[in-house]
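Hello,

Here is the structure we talked about, with its sequence. My notes on it follow below.

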Amino acid sequence: MAGRPLFAIVTTYLAVAGLAAGTLIAFGLGTGLSHGTVLANQPQYRQSEPLSQRPTQPEYTCVGPLQEQPAMRTERVAWLLSMNPYVVVADAIPYRDRTAQHYSYMPAGAIENISQGARHALAGPEGSYPCANGEVKPQYLSQTTPLWPLGLVLQLALAGLLLWLGWRSLRTPARRLAPGTRVA
């Protein structure tokens, strides 16, 4: 699609930057526009307990009547995060299941934090809001529903569209030329 090699290189870098930063900006703007509510009651946090008792008990309980609470409906725009190349890589890499008792308080790495953030966005308030529907929600979401296949499909669709546009711009109109006309 680009006429000069330098312009093609710059356009490629801008496309990758658009996927890396633009998807985060679009997700942030979309989240700001997707307000909603969730039925939840109030969390009551426990006092500080010894480390040996923490993994077996949740850190809060749900008390009071269920009421509508304002919440961001991130599950509506989580597909935008799936196009981010960093989210695709982070979500595709398996890591330890921290729901087990002896792994729950080990520090997580950057890749795992990116994947958990995307999973919380995909779960929406019903899966990550404290006491949504009167249930204690885990802070750590397991790797049950992967987000990376959707991101890979969307990236391949974008690449296919760009390749088709490039092929279309380079196509020679040989059938519409007069007989004997040479194309260089």
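The side chain of arginine 119 makes a polar contact, at 2.8 Å, with the side chain of aspartate 91. This is a predicted model, and the distance is to be read as such. Arginine 119 belongs to helix α4. Its partner, Asp91, is one of the buried residues of helix α3. Arginine 119 is buried as well, because its relative accessibility is 8% and the cut-off for buried is under 20%.

Helix α3 covers residues 85–92, and its buried residues are Val87, Val88, Ala90 and Asp91. The cover over these residues includes α2, α4 (110–128) and α5 (148–170). At the start of α3, a side-chain oxygen of asparagine 84 comes to within 2.9 Å of the backbone nitrogen of tyrosine 86.

Tyr86 also takes part in a nonpolar patch on the surface, together with Val89, Ile93, Ile111 and Ile114. The accessible area of the five together is about 440 Å². Both α3 and α4 give two or more residues to this patch. Isoleucine 111 is a residue of helix α4. Why does isoleucine 111 count as partly exposed? Its relative accessible area is 38%, and partly exposed is the class between under 20% and over 50%.

Now the interior. In soluble globular proteins, nonpolar side chains tend to be buried together. Here the largest nonpolar core consists of 6 residues, namely Phe27, Val77, Ala78, Leu80, Leu81 and Ala121. Helix α2 (residues 78–82) supplies 3 residues, the largest share of this core. Once neighbours within four places in sequence are left aside, alanine 78 is in contact with Phe27, Ala121 and Leu122. Two of these contacts, those with Phe27 and Ala121, are with residues that are also listed in the core.

Next, the backbone in the loop between α4 and α5, where cysteine 131 is found. Most residues other than glycine have a negative phi. Cysteine 131 has a positive phi, near 65 degrees. Asparagine 133 lies in the loop between α4 and α5 too, and its phi is also positive, near 60 degrees. Are these two residues buried or exposed, or in between? Cysteine 131 is buried, with a relative accessible area of 0%. Asparagine 133 counts as partly exposed, because its relative accessibility is 39%.

Last, the overall figures. The protein has 5 helices and 2 strands, which follow one another along the sequence in the pattern α-β-β-α-α-α-α. Of its 184 residues, 25% count as buried. Among contacts between residues at least 6 apart in sequence, 74% join residues at least 24 apart. The protein exposes about 12,400 Å², and carbon and sulfur atoms supply 64% of that area.

If you look at one place in the model, I suggest the pair described at the top, arginine 119 and aspartate 91.

Regards

Definitions and conventions. Residues are numbered from 1 along each chain as its sequence is written. This is a predicted model: local features need pLDDT of at least 70, side-chain atom pairs count only at pLDDT 80 or more; totals for chains, interfaces and linings use all residues. Side-chain values use heavy atoms; hydrogens and water are left out. A nonpolar core is a set of buried Ala, Val, Leu, Ile, Met, Phe, Trp, Tyr and Cys residues joined through side-chain atoms within 4.5 Å. Buried means under 20% relative accessible area, exposed over 50%, partly exposed in between (1.4 Å probe, protein chains only). Helices (H or I, at least four residues) and strands (E, at least two) are DSSP runs, numbered from the N terminus. Contact means heavy atoms within 4.5 Å. Accessible areas come from the Shrake-Rupley method with a 1.4 Å probe; for residues, only the protein chains shown count as cover. A polar contact is a pair of N or O atoms within 3.5 Å; within protein, one must be able to donate a hydrogen and the other to accept it, and residues adjacent in sequence count only if both atoms are side-chain atoms. Patches are made of residues with over 30% relative accessible area and no salt bridge: like charges are joined within 9 Å, nonpolar side chains (Val, Leu, Ile, Met, Phe, Trp, Tyr) within 5 Å. A salt bridge is a side-chain nitrogen of Lys or Arg within 4 Å of a carboxyl oxygen of Asp or Glu.
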